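Visitor: I am new to this structure and would like to learn how to read it. Could you walk me through some features, one at a time?

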Amino acid sequence: DIKAIDVIKIDIDGAEMPALMGAQKTLRKCRPVLFLALCADTCKAAGFSTDDILNVLEGLQYRIHVINSDSSLTPFCRNSIKPFQNIFCRHPVGV
């Protein structure tokens, strides 16, 4: 009887998309903060792209930030995506 999930960390080397798709009900209901490792190579090897993951997250109304090497956050910009990035995703307050 889990009533809430506050945080989910996803670093599963190419299985991020199936995990997100399988967790959609929980993500919509609980709106947990997400930490994800995005790697273009492992995504491609699994048959999807980092854009596919970003589209799912944005469709779930998540706001995406890059986790910088000093642990600070920068709003994510698709034009500056790197082959590997750690991202932090959250819902805006009040949504």
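Visitor: Which residues of helix 4 are buried?

Guide: Please keep in mind that this is a predicted model. Helix 4 covers residues 50-59, and its buried residues are Thr50, Ile53, Leu54, Val56 and Leu57.

Visitor: How should I read the spacing of those positions?

Guide: Start with the general idea. In an α-helix there are 3.6 residues a turn, so residues three or four places apart point the same way. Now the case here: looking down the axis of helix 4, you find its buried residues within an arc of 160 degrees, so they line one face of the helix.

Visitor: What covers the buried residues of helix 4?

Guide: Several elements take part. The cover includes three helices, namely helix 1 (16-22), helix 2 (24-30) and helix 3 (40-45). It also includes strand 2, strand 3 (63-67) and strand 5 (84-90).

Visitor: And what is the phi of Gln61, which follows helix 4?

Guide: Gln61 has a positive phi, near 70 degrees.

Visitor: Which other residues have a positive phi without being glycine?

Guide: Arg31 is one of them, with a phi of about 50 degrees. Look for Arg31 in the loop between helix 2 and strand 2. Ser71 is another example, its phi being near 75 degrees. You will find Ser71 in the loop between strand 3 and strand 4.

Visitor: Are Arg31 and Ser71 exposed or partly exposed?

Guide: Arg31 has a relative accessibility of 36%, so it counts as partly exposed. Ser71 has a relative accessible area of 60%, and therefore counts as exposed.

Visitor: Let us turn to salt bridges. How many does a search of the whole structure find?

Guide: The search finds 3 salt bridges. To read one, look for a side-chain nitrogen of Lys or Arg within 4 Å of a carboxyl oxygen of Asp or Glu. Lys9 and Asp11 make one such pair, at 3.7 Å from N to O. Of these partners, Lys9 is exposed, with a relative accessible area of 61%, while Asp11 is partly exposed at 41%.

Visitor: Which salt bridge does Asp51 form?

Guide: The side chain of Asp51 meets that of Arg78, with an N to O distance of 2.7 Å. This pair links distant parts of the chain, 27 residues apart: Asp51 is in helix 4, and Arg78 is in the loop between strand 4 (73-75) and strand 5.

Visitor: Which residue forms a salt bridge with Glu58?

Guide: Arg78 does, and the closest N and O atoms of Glu58 and Arg78 are 2.7 Å apart. Here too distant parts of the chain are linked, since Glu58 belongs to helix 4 and lies 20 residues from Arg78 in its loop. Put together, Asp51, Glu58 and Arg78 are linked in a network of salt bridges.

Visitor: How accessible are the members of that network?

Guide: Asp51 is partly exposed, at 37% relative accessibility. Glu58 is partly exposed as well, with a relative accessible area of 38%. Arg78 is partly exposed, with a value of 29%.

Visitor: Where is Phe76, and is it buried or exposed?

Guide: Phe76 sits in the loop between strand 4 and strand 5. The cut-off for buried is under 20% relative accessible area. Phe76 has a value of 14%, so it is buried.

Visitor: Which residues is Phe76 in contact with, leaving aside its neighbours within four places in sequence?

Guide: Phe76 is in contact with Leu54, Ile64, His65, Val66, Ile81 and Gln85. Leu54 should sound familiar, as it is one of the buried residues of helix 4.

Visitor: Finally, how many cavities of 30 Å³ or more does the structure hold?

Guide: It holds 1 cavity of that kind. The volume of the largest cavity is about 40 Å³.

Visitor: Which residues line the largest cavity?

Guide: The lining is made by Asp11, Asp13, Glu16, Ala37, Leu38, Cys39, Thr42 and Phe84. Sorted by class, that gives 4 nonpolar, 1 polar and 3 charged residues. Strand 2 (residues 33-39) contributes the most to the lining, with 3 residues. Asp11 deserves a second look, because this lining residue also pairs with Lys9 in a salt bridge.

Note on methods:
Residues numbered from 1 in each chain as written. Predicted model: local features only at pLDDT ≥ 70, side-chain atom pairs only at ≥ 80, totals over all residues. Heavy atoms only, no water. 1 Å grid on protein atoms, 1.4 Å probe; cavity = no way out; pocket = protein on both sides within 12 Å on 5 of 7 lines; lining within 4 Å. Points joined across faces, edges and corners; volume = space filled by probe spheres on them. Helix = DSSP H or I, 4+ residues; strand = E, 2+ residues; numbered from the N terminus. Nonpolar A, V, L, I, M, F, W, Y, C, P; charged D, E, K, R; others polar. Buried < 20%, exposed > 50% of the residue type's maximum accessible area, 1.4 Å probe, protein only. Arc of directions from axis to C-beta. Contact = heavy atoms within 4.5 Å.
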